[in-house]
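Please open the model in your viewer and keep the selection panel at hand. The tour below goes from one selection to the next and says what is to be found at each stop.

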Amino acid sequence: KKGFKMTEYEIYTMFNSGRLIGAVSFIGSIIAIWLALRVANLTRENADSTVIQKIVSSAFGLIVLAGTFISFTQAKATWVITAYNLELLETRSEFSDGFIGYVGTTTLPVESPSAMGMVFLAVVALMILSIIWTPKK
């Protein structure tokens with residue numbers, strides 16, 4: 001293949017930079033999810049909440065989850081792109097072969113987070129929507 005050729009060291013350096021970005025993004029996502037759950041809870045606790053307020057609160061929570069979906073997808077892409085670049089090397093270490101095997105795919109583009117990330121987002125979506133829309137007992 002044509003293009004710039006990197007060494008294993010350079011590939012892993014780029015991988016670690018991507019992991020740092022992913023970690024900061026994950027922290028931001030968790031804070032945003034906490035805020036969405038807090039908004040949902042406040043919407044539920046307010047006896048005067050209208051249907052429009054509930055819709056807006058629900059939309060906010062779902063937008064936060066959409067952003068988190070993108071963040072999780074980008075984090076997964078860091079792993080897949082690294083495995084892809086390692087696979088392009090003419091010679092690579094046994095460690096890199098293990099890394100490629102661990103990642104399990106070098107197919108690009110990455111279009112969704114891992115299965116566990118998707119389950120997490122589904123559970124949080126259910127939490128947000130059920131807090132807002134289920135009747136108080």
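Begin by selecting Tyr12, Phe15, Trp79, Phe95, Phe99 and Tyr102, which together form one aromatic cluster in what is, it should be said at once, a predicted model. The structure as a whole holds eight aromatic pairs, and two of them are worth a stop of their own.

For the first stop, keep Phe15 and Phe99 in view: their ring centres are 5.2 Å apart and their planes stand at 85 degrees, which is over the 60 degrees required, so this pair counts as edge-to-face. Colour the helices next, and you will find Phe15 in helix α1, residues 8–45, and Phe99 in helix α3, residues 94–103, so that the pair links parts of the chain 84 residues apart. Are these two rings buried or exposed? Phe15 is buried, with a relative accessible area of 7%, and Phe99 is buried as well, with a value of 8%.

For the second stop, select Phe26 and Phe72, whose ring centres lie 6.1 Å apart with planes at 25 degrees, so this pair is stacked. Phe26 belongs to helix α1 and Phe72 to helix α2, residues 51–88, so the pair ties together parts that are 46 residues apart in sequence. Phe26 is partly exposed, with a relative accessible area of 41%, whereas Phe72 is buried, at 13%.

Stay with Phe72 and turn to the largest pocket, which has a volume of about 520 Å³. Of the 20 residues that line this pocket, Arg19, Phe72, Ala75, Lys76 and Trp79 are the closest to its centre. Which helix supplies the largest share of the lining? Helix α2 does, with seven residues, while α1, α2, α3 and α4, the last of these spanning 115–133, each supply at least two. If you colour the lining by class, you should count 11 nonpolar, seven polar and two charged residues.

Finally, show helix α1 by itself and look along its length: at 1.5 Å a residue, its 38 residues should span 56 Å, and the C-alpha atoms at its ends are 54 Å apart, which agrees. Among the buried residues of α1 are Ile11, Tyr12, Phe15, Gly18 and Gly22, and also Ile33, Ala36, Leu37 and Ala40. An α-helix has 3.6 residues a turn, so residues three or four places apart point the same way. Bring the other helices back into view to see what lies against this helix, for the buried residues of α1 pack against α2, α3 and α4.

Definitions and conventions: Residues numbered from 1 in each chain as written. Predicted model: local features only at pLDDT ≥ 70, side-chain atom pairs only at ≥ 80, totals over all residues. Heavy atoms only, no water. Phe/Tyr/Trp six-rings, centres within 6.5 Å; stacked < 30°, edge-to-face > 60°. Helix = DSSP H or I, 4+ residues; strand = E, 2+ residues; numbered from the N terminus. Buried < 20%, exposed > 50% of the residue type's maximum accessible area, 1.4 Å probe, protein only. 1 Å grid on protein atoms, 1.4 Å probe; cavity = no way out; pocket = protein on both sides within 12 Å on 5 of 7 lines; lining within 4 Å. Points joined across faces, edges and corners; volume = space filled by probe spheres on them. Nonpolar A, V, L, I, M, F, W, Y, C, P; charged D, E, K, R; others polar. Expected span 1.5 Å × (residues − 1). Contact = heavy atoms within 4.5 Å.
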